[in-house]
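Visitor: Could you take me through the helix packing and the domains here?
Guide: Gladly. Ask away once it is on screen.

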Amino acid sequence: MRADRVFTNARLATMAPGMPGLGVVERGMLAETGGRIIYAGPQQGIEAAEIVDCEGRWVTPGLIDCHTHLVYAGDRAGEFEARLEGASYEDIARAGGGIMATVRATRAASKFALLAAARARLEVLKAQGVTTVEIKSGYGLEEAAELKVLRVIAGLRVNNDVDIASTFLGAHALPAEFAGDRAGFLRMICELLPKVAQEGLAEAVDGFCEGIAFSPEEISVFFEAAQGCRLKLKLHADQLSNLHGAALAARFGALSADHLEYTDEDGAAAMAAAGTVAVILPGAFYTLRERQAPPIDTFRRHGVKMAVATDLNPGTSPLFSLLLAMNMAATQFRMTVEECVLGVTRHAAAALGRGDVGTLEAGKKCHLAIWNIERPAELVYQMGFNPLWRRVWSAA
Ligand code: NIG
Ligand code: FE
């Protein structure tokens with residue numbers, strides 16, 4: 001075997017599905033050719049043009065943040081202060097703040113300003129070993145502004161060493177100009193779908209199924225239209241109340257249902273049967289000081305795959321660290337180290353429907369995070385420390 005590059009003296013957490021736990025190979029090596037992994041396993045003699053000596057460090061797949069809203073303008077620091085004084089997220093939303101405050105700022109911002117701000121945020125994630133990021137629109141909520149945000153997401157790919165999955169979050173909130181005409185708004189976002197699909201501006205759609213946002217019936221209309229355009233589905237479900245959003249997402253064969261604090265046993269069973277991934281977002285739970293944790297044990301019992309993401313957004317989760325998200329998932333929800341690391345690698349890839357990232361196996365893209373740690377638990381238990389040694393992203 002001959003390779004472009006080998007990584008020797010590595011302790012691999014391959015995350016391979018056929019192996020127990022993290023799929024550990026203690027005295028391991030990894031070989032790459034043309035940006036694809038051709039070997040990951042025990043040390044052996046492989047010739048290569050370039051040799052990287054990992055000196056016993058741990059190598060994981062490059063991390064995947066499978067749920068962010070990182071293209072936005074303005075900030076919501078005032079809303080943060082209002083919540084400290086007792087206002088709730090729902091109070092603020094009903095008074096025209098919250099998501100709509102960010103929508104007003106994002107509509108007013110230029111494409112260039114949005115791009116510059118988003119690039120800076122993306123760099124912060126990348127610096128902690130992230131190699132794939134999902135980014136949602138949803139702060140435009142009118143044709144021109146949604147397209148502007150989706151084009152900014154596309155622009156983030158240019159000259160950037162990161163994979164980006166783009167999601168059209170059309171059903172995020174009802175803008176003021178459509179108050180009293182919910183059907184009209186739904187029609188508008190459904191009519192945008194063919195354009196979004198044809199221009200490749202998004203691979204999936206998303207919605208917010210909640211009392212302050214859209215009903216299950218409204219989400220169903222949007223999902224049917226999206227499926228007609230061959231777009232994949234994701235859903236913000238059961239975050240603040242149980243509208244059975246998780247079951248709805250499963251019924252449509254969605255890639256993921258996200259948040260899920262109020263999901264019940266039937267919702268979890270439906271997700272398991274459909275293979276819908278549960279995306280756990282501990283940053284929003286923390287920021288909103290929620291009390292009801294997502295039913296992790298129920299997901300475990302049903303064998304639902306769980307991912308962990310930042311939900312990076314200016315309102316409910318101004319969280320720029322996937323490592324800290326893992327820590328929060330462990331401490332707040334008692335997710336294990338194994339579940340957390342799977343949640344930002346293999347299961348996060350599943351939440352995006354991407355089969356070419358998330359594990360260290362032959363055939364996958366050579367996206368790696370190499371860490372100055374003695375054991376994988378260090379990725380989860382430390383808060384605010386970044387043990388990344390080197391991040392490898394390959395254009396494959
Ligand atoms: O994932 N839940 C809805 N959407 C975002 C919040 C967006 C915002 O408040 O700006 C979320 O928490
Ligand atoms: Fe979100």
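Visitor: Which hand does the crossing have where H4 passes H5?
Guide: This is a predicted model. The helices are H4, residues 111–126, and H5, residues 143–155. As H4 passes H5, the crossing is right-handed.

Visitor: Which residues of H5 make that contact with H4?
Guide: Start on the H4 side. Lys 111, Leu 114, Leu 115 and Arg 119 come from H4. Their counterparts in H5 are Lys 148, Val 149, Arg 151, Val 152 and Gly 155.

Visitor: How many charged residues does the contact of H4 with H5 have?
Guide: Split the contact by class. There are 4 nonpolar residues and 1 polar residue. The charged residues number 4.

Visitor: What is the relation of H4 to H5, judged by angle?
Guide: H4 and H5 have axes 10 Å apart, and they pack at about 45°. Angles of 65 to 115 degrees would count as roughly perpendicular, and those under 35 as roughly parallel. The angle between H4 and H5 therefore makes H4 oblique to H5.

Visitor: Why are H3 and H5 described as roughly perpendicular?
Guide: H3 covers residues 99–108, and its axis lies 10 Å from that of H5. The range for roughly perpendicular is 65 to 115 degrees. H3 and H5 are therefore roughly perpendicular, as their packing angle is about 75°.

Visitor: Which residues in H5 does H3 meet?
Guide: H3 brings Thr 106, Arg 107 and Ala 108. By class, the contact of H3 with H5 divides into 3 nonpolar, 1 polar and 2 charged residues. The H5 residues met are Ala 145, Lys 148 and Val 149.

Visitor: What is the angle between H6 and H7?
Guide: H6 spans residues 182–198 and H7 spans residues 216–228. Their axes are 9 Å apart. H6 is roughly parallel to H7, because the angle is about 20°.

Visitor: How many nonpolar residues are in the contact of H6 with H7?
Guide: H6 offers Arg 182, Leu 186, Ile 189, Cys 190 and Leu 193. H7 answers with Glu 218, Val 221, Phe 222, Ala 225 and Ala 226. No polar residues appear, 2 are charged, and the nonpolar ones number 8.

Visitor: What area is buried between domain 1 and domain 2?
Guide: The domain assignment gives domain 1 as 2–61 + 358–392 and domain 2 as 63–351. Their C-alpha centres lie 30 Å apart. In contact are 27 residues of domain 1 and 25 of domain 2. Carbon and sulfur atoms give 63% of the buried area, which is about 1900 Å².

Visitor: Which residues in domain 1 lose the most area to domain 2?
Guide: Look at the domain 1 side. Three names together hold 33% of what that side buries. They are Met 15, Val 380 and Arg 391.

Technical notes
Residues are numbered from 1 along each chain as its sequence is written. Chains are lettered from A and ligands numbered from 1 in the order in which they are written. This is a predicted model: local features need pLDDT of at least 70, side-chain atom pairs count only at pLDDT 80 or more; totals for chains, interfaces and linings use all residues. Side-chain values use heavy atoms; hydrogens and water are left out. Axes are lines fitted to C-alpha atoms, for helices over the stretch in contact, and angles run from 0 to 180 degrees between N-to-C directions. Helices (H or I, at least four residues) and strands (E, at least two) are DSSP runs, numbered from the N terminus. Angles under 35 degrees count as roughly parallel, over 145 as roughly antiparallel, 65 to 115 as roughly perpendicular and the rest as oblique. A crossing is left-handed if the near helix is turned anticlockwise from the far one by less than a right angle, and right-handed if clockwise. Contact means heavy atoms within 4.5 Å. Ala, Val, Leu, Ile, Met, Phe, Trp, Tyr, Cys and Pro count as nonpolar, Asp, Glu, Lys and Arg as charged, and the others, Gly among them, as polar. Domain bounds come from an automatic or database domain assignment. Buried area is the accessible area (1.4 Å probe) that two parts lose on being put together, summed over both.
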